[in-house]
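Reader: I'd like to learn how to read a structure like this one step by step. Could you walk me through it?

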Protein chains: 2
Amino acid sequence: MQTDTYRACAGLVGVLGGMGPLATLDFLRKILAATPASSDQQHVPVLVSSIPQIPDRASAFRGTGPSPLNAMLDCGRRVVAGGAGLIVIPCNTAHLWFGELRSELGLPMLHMVDAALDEVAQICGPEGRIGLLATDATLDSGLYCKRTSNTLARRKVQWCLPTEAERSDWVMPAIAAVKAGELSTGRTLLQLAAGALRQRGAQAVVLGCTEIPIVLDADSANMPVVDATAALARQVVRWSMEQRNRRALATP
Amino acid sequence: MQTDTYRACAGLVGVLGGMGPLATLDFLRKILAATPASSDQQHVPVLVSSIPQIPDRASAFRGTGPSPLNAMLDCGRRVVAGGAGLIVIPCNTAHLWFGELRSELGLPMLHMVDAALDEVAQICGPEGRIGLLATDATLDSGLYCKRTSNTLARRKVQWCLPTEAERSDWVMPAIAAVKAGELSTGRTLLQLAAGALRQRGAQAVVLGCTEIPIVLDADSANMPVVDATAALARQVVRWSMEQRNRRALATP
């Protein structure tokens with residue numbers, strides 16, 4: 001195994017992906033879309049692990065499957081070995097293990113939920129009512145709702161969540177359908193779930209699972225959306241451009 | 001830098017990408033499309049370097065820009081460090097440096113042009129006339145035409161190439177347009193180039209630059225196409241599945 005044989009690469013973003021692989025591509029596509037570039041060389045450098053054999057995050061949270069932590073650490077170490085200067089994870093539910101990953105991998109990380117909540121704060125009135133579509137694990141753990149107090153300190157955001165029936169009939173089957181490549185089925189189910197949140201007063205909806213924005217957008221949801229994947233992609237582009245500008249300034 | 005801290009991953013495909021980044025995404029998408037899978041865990045594990053700061057391959061071949069070899073080796077070593085068992089490069093022109101890359105990186109590699117020529121052999125009659133759309137460097141170096149004798153030994157394929165004017169007016173500006181994200185302009189120019197090859201008797205056309213199949217397919221080209229990106233993706237899926245099956249058989 002050869003290491004330490006490559007030069008430093010300023011602004012190299014490590015992506016701990018594969019959860020799922022289509023969501024990782026959607027994230028990479030959104031990094032490209034968020035980058036002002038007219039040639040290859042102006043784009044964000046990324047090193048991507050898309051090793052989808054990581055155990056299912058939602059099952060692990062429910063206690064019905066093995067923990068994904070060791071497999072995620074394994075993938076993270078591959079991008080660390082490749083010289084990344086930042087780690088991001090295009091999977092909301094995986095952020096249940098964010099603390100362990102950050103302390104073990106020893107690199108800066110951007111948190112996807114914070115990126116999404118920053119955009120919620122921009123579009124949301126002082127007492128806005130915001131829908132959230134996500135996995136059971138993300139909803140039950142409070143990954144979004146408990147984090148609100150930090151990032152939305154001055155707002156009184158009211159979360160509007162899917163009911164138990166809406167989760168089991170629509171949201172979770174939709175996510176499984178997208179993972180199986182049945183995009184049209186996934187979209188139809190998510191439109192039902194978004195419609196129910198809208199009827200209960202949601203003014204916008206957070207797409208809080210990376211499979212969801214693959215098939216649902218503001219048009220098909222029929223209301224404004226906050227796409228957590230796109231929010232993280234925009235932060236990644238900003239980080240990488242800052243690092244590369246700093247490097248350029250430091251080079252005489 | 002941490003290394004040797006992750007487990008072996010059977011069938012892990014290393015992708016030396018970023019040439020350009022959109023073409024790398026197209027390649028990854030085609031790997032997904034070629035994989036029979038209904039859950040994340042059945043997909044091909046990949047480790048991708050998409051560091052688009054690699055010097056332009058076509059300029060280097062013309063002698064008007066620096067060689068991309070050192071930068072490509074640098075990227076290749078990152079995926080070697082991450083534990084890949086195979087290296088592939090979703091950029092046709094980069095294959096001008098295939099020999100140096102293979103001998104320096106010390107891993108098996110699949111050759112994109114061979115993958116495409118295998119598919120040409122399947123659709124082409126004994127004296128078929130095949131068009132080729134590619135960069136000047138790929139055309140002038142004979143990357144496809146000189147390789148024919150090995151892989152199409154029993155066929156008398158006649159290559160039908162764009163004229164100098166067609167390259168400079170249509171093909172090269174189309175590739176630059178796709179790299180700049182101007183997909184509709186790229187498609188229009190390539191349709192003109194494909195139409196000219198068809199008029200000179202081409203029965204099918206090889207899309208021999210990874211920017212081209214992003215915008216051109218059999219429908220828009222108005223004739224059968226051999227997509228080198230998709231051909232390589234299919235070979236990658238086969239390699240990875242074989243490796244993982246072998247590993248599964250070896251595990252008691």
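Author: We'll take the symmetry, the empty spaces, the aromatic pairs and two single residues in turn. One thing to keep in mind is that this is a predicted model.

Reader: Let's begin with the two chains. What rotation superposes chain B on chain A?

Author: The general idea goes like this: two copies of a chain are related by a rotation about an axis and a shift along it. Here the rotation is 180°, with 0.0 Å of shift along the axis, and chain B lands on chain A with an RMSD of 0.0 Å. The two copies are thus related as by a two-fold rotation axis.

Reader: Which C-alpha of chain B is nearest the axis?

Author: That of Val48(B), 2.4 Å from the axis. The contact surface fits the picture too: both copies use the same surface, and 100% of the contact residues of chain B recur in chain A.

Reader: Now the holes. How many cavities of 30 Å³ or more does the structure hold?

Author: First the principle: rolling a probe the size of a water molecule over the atoms shows where empty space is left. In this model that turns up two cavities of 30 Å³ or more. The largest cavity has a volume of about 110 Å³. Its lining has 13 residues, and the closest to the centre are Pro21(A), Ser50(A), Leu28(B), Leu32(B) and Val46(B).

Reader: Which elements supply at least two residues each to that lining?

Author: In chain A they are helix H1 (21–33) and strand E2 (46–50), and in chain B likewise helix H1 (21–33) and strand E2 (46–50). H1(A) gives the most to the lining of the largest cavity, with four residues. As for chemistry, the lining of the largest cavity divides into 10 nonpolar residues, three polar and no charged.

Reader: And what lines the second largest cavity?

Author: That cavity has a volume of about 80 Å³. From chain A, its lining takes Leu28(A), Ile31(A), Leu32(A), His43(A), Val44(A) and Val46(A), while chain B brings Pro21(B), Leu25(B), Ser50(B) and Pro52(B). H1 of chain A and H1 of chain B each supply at least two residues of this lining, and H1(A) gives the most, with three. By class, the second largest cavity is lined by eight nonpolar, two polar and no charged residues.

Reader: How much space lies in the largest pocket?

Author: About 590 Å³. The largest pocket is lined by 24 residues, and Leu22(A), Leu25(A), Leu183(A), Arg29(B) and Leu32(B) lie nearest its centre. Two or more residues each come from H1 and helix H8 (164–179) of chain A, and from H1 of chain B. The largest share, six residues, comes from H1(B). Charge does appear in this lining: the residues divide into 13 nonpolar, four polar and seven charged.

Reader: On to the rings. How many aromatic pairs are there over all chains?

Author: A pair of aromatic rings is described by the distance of the centres and the angle of the planes. The count here is two pairs over all chains. Tyr144(A) and Trp159(A) are edge-to-face, 6.2 Å centre to centre with 75° between the planes. Tyr144(A) sits in the loop between helix H6 (136–141) and helix H7 (148–151) of chain A, and Trp159(A) in strand E5 (residues 158–160), so the pair links parts of the chain that are 15 residues apart. Both Tyr144(A) and Trp159(A) are buried.Reader: Why is the pair in chain B edge-to-face?

Author: Tyr144(B) and Trp159(B) have ring centres 6.2 Å apart and planes at 75°, so the pair counts as edge-to-face. Tyr144(B) and Trp159(B) are buried.

Reader: Let's finish with single residues. Is His43(A) buried or exposed?

Author: His43(A) counts as buried, because its relative accessibility is 8%. This residue is found in the loop between H1 and E2 of chain A. Leaving aside neighbours within four places in sequence, His43(A) is in contact with Leu32(A), Thr35(A), Ala37(A) and Arg244(A), and across in chain B with Pro21(B), Pro52(B) and Gln53(B).

Reader: Where is Ile87(A) placed?

Author: Ile87(A) is in strand E3 (residues 86–88) of chain A. At 0% relative accessibility, Ile87(A) counts as buried. Not counting residues up to four places away in sequence, Ile87(A) touches a set of residues including Gly14(A), Leu16(A), Val79(A), Leu105(A) and Met109(A). Gly76(A) is another of those contacts; its C-alpha is 7.7 Å from that of Ile87(A), with the two residues 11 apart in sequence.

Key. Residues are numbered from 1 along each chain as its sequence is written. Chains are lettered from A and ligands numbered from 1 in the order in which they are written. This is a predicted model: local features need pLDDT of at least 70, side-chain atom pairs count only at pLDDT 80 or more; totals for chains, interfaces and linings use all residues. Side-chain values use heavy atoms; hydrogens and water are left out. On a 1 Å grid over the protein atoms alone, a cavity is a set of points where a 1.4 Å probe fits but cannot get out, and a pocket is an open set with protein on both sides within 12 Å along at least five of seven lines; lining residues have an atom within 4 Å of a point. Grid points are joined across faces, edges and corners, and a volume is the space filled by probe spheres set on the points. Ala, Val, Leu, Ile, Met, Phe, Trp, Tyr, Cys and Pro count as nonpolar, Asp, Glu, Lys and Arg as charged, and the others, Gly among them, as polar. Rings of Phe, Tyr and Trp (its six-membered ring) pair if their centres lie within 6.5 Å; planes under 30 degrees apart count as stacked, over 60 as edge-to-face and the rest as tilted. Buried means under 20% relative accessible area, exposed over 50%, partly exposed in between (1.4 Å probe, protein chains only). Copies are superposed by least squares on the C-alpha atoms of residues with pLDDT of at least 70 in both. Contact means heavy atoms within 4.5 Å.
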